[in-house]
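Colleague: I would like to learn how one reads a helix and its surroundings. Could we go through an example together, step by step?

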Amino acid sequence: MKFENEMKIEFDSKSQNEGFARVVVAAFVAQLDPTIEELADIKTSISEAVTNAIIHGYEMYPGKVYIYCKIVDDVIYVEIEDHGKGISNIEEARQPLFTSKPNMERSGMGFTVMEAFMDNVEVESVEGCGTTVMMKKTLLSLRATKEEACNE
Amino acid sequence: MSLTYEIKHRNMIVRLDAEIDHHKAEEIRDRLDQLIAMNSIKVLIFDFSNTVFMDSSGIGVIMGRYKKMKQMGGDVGLINVNSNIQRVLKLSGIYRLVKNYESVQDAIKRLV
């Protein structure tokens with residue numbers, strides 16, 4: 001039988017909430033007993049996506065950021081959604097070092113970090129409506145433990 | 001835990017915050033630029049010994065300070081970088097410009 005568990009949070013697009021968001025997701029993922037490295041990968045990716053929602057999606061305007069998380073067996077799915085201005089060219093936005101805000105000393109590495117640290121990253125965006133980033137990661141630590149138990 | 005620093009002969013060692021994200025980055029950047037200008041710093045060493053989390057906002061802070069220090073004939077080094085932070089730094093290609101050092105003494109010896 002499949003193990004499933006899900007949660008949703010919603011918060012203001014304030015930079016103070018970047019830390020809150022990654023800690024909440026990390027706490028939810030903790031039930032899968034991830035390695036320190038897996039947890040760091042997830043926290044960093046969440047931080048990147050939430051920061052994008054706040055500084056690019058909403059820019060200076062207030063709005064809400066929505067996070068949906070789902071665990072199915074040893075896979076964690078995360079969706080980070082904003083109802084901000086959207087991305088006009090997703091392919092360009094995903095390029096390493098591309099940033100629309102060089103004056104803010106943004107490194108342009110947000111999507112590159114998410115792609116490196118998660119197994120799969122998808123982006124849906126409609127200009128004027130908002131952006132959703134969907135990420136997925138299989139926790140190999142858990143899979144290894146299960147296989148070990150199976151072989152015994 | 002927030003930023004602390006030590007200055008010796010125009011070399012500054014900055015022990016960074018526990019968490020470096022976009023929220024913290026602006027504050028760190030402003031504080032560093034102020035300290036660099038006020039003390040005519042030549043070598044800036046980022047000490048990550050207190051830092052448990054850093055996202056790509058931290059890369060922006062290091063790159064920005066690197067450019068600034070280079071323009072003034074100075075240099076930048078990193079110490080006590082843990083493996084999670086190192087993975088973020090590696091992705092960015094920043095190690096072509098800025099290096100990890102064994103200790104403050106090692107960094108100063110090589111950079112000054």
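Modeller: Let us begin with what counts as a helix: helices are DSSP runs of H or I with at least four residues, numbered from the N terminus. Please keep in mind that this is a predicted model.

Colleague: What follows α3(B)?

Modeller: α3(B) is followed by B:Gly93, and the phi of this glycine is positive, near 75°. At the start of α3(B), a side-chain oxygen of B:Asn82 comes to within 2.9 Å of the backbone nitrogen of B:Asn84.

Colleague: Which residues of helix α3 of chain B are buried?

Modeller: A residue is called buried when its relative accessible area is under 20%, and exposed when it is over 50%. In helix α3 of chain B, which covers residues 83-92, the buried ones are B:Asn84, B:Ile85, B:Val88, B:Leu89 and B:Ser92. Seen down the axis of α3(B), these buried residues fall within an arc of 140°, so they line one face of the helix. The face turned away from that buried side carries the exposed residues B:Ser83 and B:Lys90.

Colleague: What covers the buried residues of α3(B)?

Modeller: The cover includes α2 (36-57) and α4 (110-117) of chain A, together with β5 (53-54), α2 (56-71) and β6 (75-79) of chain B.

Colleague: Is B:Met54, in strand β5 of chain B, buried or exposed?

Modeller: B:Met54 counts as buried because its relative accessibility is 3%. Leaving aside neighbours within four places in sequence, the contacts of B:Met54 include B:Ile85, B:Val88 and B:Leu89, and also A:Thr44. The C-alpha atoms of B:Met54 and B:Gln86 are separated by 9.5 Å, although these residues are 32 residues apart along the chain.

Terms used: Residues are numbered from 1 along each chain as its sequence is written. Chains are lettered from A and ligands numbered from 1 in the order in which they are written. This is a predicted model: local features need pLDDT of at least 70, side-chain atom pairs count only at pLDDT 80 or more; totals for chains, interfaces and linings use all residues. Side-chain values use heavy atoms; hydrogens and water are left out. Buried means under 20% relative accessible area, exposed over 50%, partly exposed in between (1.4 Å probe, protein chains only). Helices (H or I, at least four residues) and strands (E, at least two) are DSSP runs, numbered from the N terminus. The arc is that of the directions from the helix axis to the C-beta atoms. Contact means heavy atoms within 4.5 Å. A polar contact is a pair of N or O atoms within 3.5 Å; within protein, one must be able to donate a hydrogen and the other to accept it, and residues adjacent in sequence count only if both atoms are side-chain atoms.
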